[in-house]
Amino acid sequence: MEESVEKTTRKKHPWFWSSALASIILRLVLIIYFPNTLNFSSRPEVSTPVTSLRRLAEGYWLKRSSMSPYAGSMYHGSPLLLSILGPLTIDRDEGQSHLLCGLAFVIADFVTAILIRAIGQRLQGADIQSLKSLGAGRHLKISENFPTGDIASLVYLWNPLTIITCLGYSTSPIENLMIVLSLYGACKRLVPLAAFGWVMASHLSLYPVILIIPLVLLIGSGLDTPPRKLFLQEKHGDGYKKTKTGSLHLINFSWRRVVLFFLWSSAWALYVLVLCGISLKDYSGLGEMFKRTYGFILSVEDLSPNIGVLYFFAEVFDFFRDFFLIVFHINILFMVLPLAIRLHHRPCFLAFVYIAISSILKSYPSVGDSALYLGLLGLFVNALADMQFSFFLFSGYLGTLLLSPVMHNLWIWRGTGNANFYFATAMAYACFQIILVVESVSSMLNHDRALKQGTTDVAKKVCQSLKDEPGLPTPRKFSLPK
Amino acid sequence: MTNRSINNVLSRSILTTVIITLLLSSSILHFSDAAASSSMHTNNWAVLVCTSRFWFNYRHMANTLSLYRTVKRLGIPDERIILMLADDMACNARNKYPAQVFNNENHRLNLYGDNVEVDYRGYEVTVENFLRVLTGRHENAVPRSKRLLSDEGSHILLYMTGHGGDEFLKFQDSEELQSHDLADAVKQMKEKRRFKELLIMVDTCQAATLFSQLHSPGVLAIGSSMKGENSYSHHLDSDVGVSVVDRFTFYTLAFFERLNMYDNASLSSLFSSFNPNLLLSTAYYRTDLYQEQVEKVPVTNFFGSVMKTIHTDSAYRAVSGKDRSRVKSDVSSAQSDDVDAQRMTGSDPERQVDHSDIKVVKGGGCPHADLWNAIVEKFQGVKNVDQIVNYGLVGMLTLVAVSTWQSS
């Protein structure tokens, strides 16, 4: 089943590998030949206080001078990143440090793209299987023709935002790699890998913690499927006996794997904490690490401009600051549960929505987070083909991302604008992102309803043919909302 | 009977010896007290006050700045100079040479150079602030740089210039300092042991009247003119437009320009260098309150700085960053003029006190405690942290790969 899908994709789209290599070569060319002209690392949209490589270099230097790497509130990342990336930031020769760092990020991007492709292929396989069992032929043809894995990974590689993040010397590519690694492990039911990816992603930045829900759903019940009701309805239309409604959600949910996942993630978490503790043994230990990394993200101490919704913290009275902090973070948490209930049958899409929401509402967003969810958006092109406002969103994204550096220049360098200019584009960007999320969720739900319609047609035909037989209940009429 | 007489003689002799020892001890104590009261000369301070403002009093500020420069050149650092100036000459709108103050028409020396540290400037130069500086009675918020932090081993040079008269000195055209105020302040200083010796130098009209009321011992004073005489300016600088220096200060500086830090020209040579025909006034000095002999006192006792080295035998150890929390010794080989530097805590740096965060369980009956102690010690004895972290990361990656391969 899967091999035939893969063969067809390779036959029809051999250009995947050449396009991927071309994007890698483009990044390498830009890193080697234009190291000083493209100053992306100084842009607030690209490097934030949490992901900037300059701060990592500072933290590494502090550590080598026998001081705590968190001294002076420059570095706010993980000590393990210091050990991995720190030696690469030393200025050995003139430009060699940039080369090594850039190479590391290019490799991270490439591996992320390959993993996205693998996820896409599995998603496509699962999709085709479920559609075949439902008998929705029209959708099946579309699903077979579009290799979502290739599309998604090429979108990720050729997205200008990803290229800018790769060249901008921020640690976002590594965070993205960990998130995608966890998704890949969950899709392939590789529990240790998924646990490792999730633990590392939450360790590097706090927000992937909410991905626990889609990962548990992926590991427990498998990949994205149309709603279970459709399967039951089909069986119902066949005249099959009714199943118990109580066990609707628990069909084929392997608790064993979920428990294994939790065990593995606690093991990895312990390992990571022990390593961090050893690394910070001489200075102040894990308490300071938590205070400076997670505490910094949660308490939003640094109010330098970025492309997020942080601006209103600059206008908040000190007395109400705690209240606004709580509101700010609960904004993300409130959306977790309703989305989980509504989209529990599509855990991969749920993960995408969570990543998108946390990219919009996190305390220090950057274009690297947007690059990730735009890449994952490509995994669902079959379902989201009928998305409304797609052209409007595309031009909106383009417009705000082009205007944002202009407004920053007007504000800071020329002094002819003020902060409102820059944050207007930031808010417009947030608006467009929110519209994208809302529209993608609604179009996915519409796709599910269309599947229902497709299957009800099939079921109706089947029932019509069987209507002659007595004792059969007539199929219920489904009214589709517009 | 003889026993009683022997007893009497014995008791009497014991009594006399006791009395004699008491007398001796008291005299020894008295002598030691006297020895303690004559403390060692450990540091020099200078309080330089210019009491005039406005452009036509350029020469008073030039006087003070010239003496400031001399005193710094001969070794007193800024932290032991209190400079009180109105400081409105250098950036005055009438100053043809902005940010420059000269004391000679050849403009050879710019007195307002790079490192002039004025402690009381502008309207802060008041009689109240001056008296507070002398007596040390400041508000809590006054910073240390504005305080005269002298002690009983200090020699203080007090130089005042401006417009004065019979028993008074005019401050900033609005107040006066009277001679008995000054004498009162000096008496308070002596009571509080704020100086060992004090040299007062006044360059105003009828200067000698200002220190006529002094009674405290250890004070030496010289003024540029006597009662009824005026002190004159030296010359007019036609380029700047005003007189740039006073005669008394001019000849004082001429005396000091010949000296450097190591000369031991005596105070009497300074005092006798003033020629009344050149000064157009009589430079009067009083030495009746001063115990020393002015022929034997070098001028650097007041105008220069004390360089005293205290020899120590203990070793100097550099403390590294990691051992900062461990080594508790505070070894300092002191050579500064402060008395505080003489406090040296010598301790054996070899003794390393282990301030560990992990509590070491008391060994004893429990075998696990010994094992735990061994683990904790090994944990703390590990030096090469980075290598371990790198190994840990590599191990983590291999573990991931192995587990993934296993479960697939």
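I take exposed to mean over 50% relative accessible area and buried to mean under 20%, with partly exposed in between. The model I am reading is a predicted one.

**Entry 1. Salt bridges**

I began with B:D288, which at 56% relative accessibility counts as exposed. I found that B:D288 forms a salt bridge with B:R286, with 3.1 Å between the closest N and O atoms. B:R286 has a relative accessible area of 12% and therefore counts as buried. This pair thus joins an exposed acid to a buried base.

I then looked up the total and noted 17 salt bridges over all chains.

In chain A I examined A:D448 and A:R346, which form a salt bridge with the closest N and O atoms 2.9 Å apart. I asked where in the chain the two partners lie. A:D448 belongs to helix 20 (residues 419–466) of chain A, whereas A:R346 sits in the loop between helix 16 (321–342) and helix 17 (347–361) of chain A. The two residues are 102 residues apart, and the pair links distant parts of the chain. A:D448 counts as buried at 4% relative accessibility. A:R346 is buried as well, with a relative accessible area of 4%.

Back in chain B, I recorded a salt bridge between the side chains of B:K170 and B:D173, at 3.0 Å from N to O. B:K170 counts as partly exposed at 30% relative accessibility, and B:D173 is partly exposed with a relative accessible area of 48%.

**Entry 2. Strand 2 of chain B**

I turned to strand 2 (residues 81–85) of chain B and found 5 of its 5 residues buried. Which residues point one way from the strand, and which the other? B:I81, B:L83 and B:L85 point one way, B:I82 and B:M84 point the other way, and all are buried. I note the general rule that side chains in a regular strand alternate between the two faces of the sheet.

Next I listed the pairings. Strand 1 (residues 43–50) of chain B runs parallel to strand 2 of chain B, and 4 bridges join them. I noted B:I81 as the bridge partner of B:A46 in strand 2 of chain B. Between these two strands the chain passes through helix 2 (residues 58–73) of chain B, and this β-α-β crossover is right-handed.

Strand 2 of chain B is also joined to strand 3 (residues 120–121) of chain B, by 2 bridges, and these strands run parallel. In strand 3 of chain B, B:R121 stands opposite B:L85.

**Entry 3. Nonpolar patch on chain A**

I looked for nonpolar surface and recorded a patch formed by A:I25, A:V29, A:I32, A:Y33, A:F34 and A:L99, with about 580 Å² of accessible area together. Helix 2 (residues 15–33) of chain A supplies the largest share of the patch, 4 residues. A:I32 has its place in helix 2 of chain A and is partly exposed, with a relative accessible area of 45%. I note the general point that an α-helix has 3.6 residues a turn, so residues three or four places apart point the same way.

**Entry 4. Cysteines**

How many disulfides does the structure hold over all chains? I found 0 disulfides over all chains. A:C187 is in no disulfide, and the nearest cysteine sulfur, that of A:C348, is 4.1 Å away. A disulfide requires the sulfur atoms to lie within 2.5 Å, so this pair does not qualify. A:C187 counts as buried at 3% relative accessibility, whereas A:C431 is partly exposed, with a relative accessible area of 46%.

**Entry 5. Helix 8 of chain A**

I found 6 of the 8 residues of helix 8 (residues 160–167) of chain A buried, so this helix is largely enclosed by the rest of the structure. The buried residues are A:L161, A:T162, A:I163, A:T165, A:C166 and A:L167. Just after helix 8 of chain A, I noted a positive phi of about 50° at A:Y169.

**Entry 6. Contacts across the sequence**

I checked two C-alpha pairs. A:A194 lies in helix 10 (residues 191–204) of chain A and is buried, with a relative accessible area of 0%. A:A194 and A:L215 are 21 residues apart in sequence and 7.7 Å apart in space, C-alpha to C-alpha.

A:S47 is in the loop between helix 2 and helix 3 (53–64) of chain A and counts as buried at 14% relative accessibility. From A:S47 to A:N306 the separation is 259 residues in sequence and 8.8 Å in space, C-alpha to C-alpha.

Conventions:
Residues numbered from 1 in each chain as written. Chains lettered and ligands numbered in written order. Predicted model: local features only at pLDDT ≥ 70, side-chain atom pairs only at ≥ 80, totals over all residues. Heavy atoms only, no water. Buried < 20%, exposed > 50% of the residue type's maximum accessible area, 1.4 Å probe, protein only. Pairing = 2+ DSSP bridges. Right-handed = clockwise from strand over helix to strand, strands pointing away. Patch = residues over 30% accessible without salt bridge, like charges linked within 9 Å, V, L, I, M, F, W, Y side chains within 5 Å. Areas by Shrake-Rupley, 256 points an atom, 1.4 Å probe, with all protein chains shown as cover. Salt bridge = Lys/Arg side-chain N within 4 Å of Asp/Glu carboxyl O.
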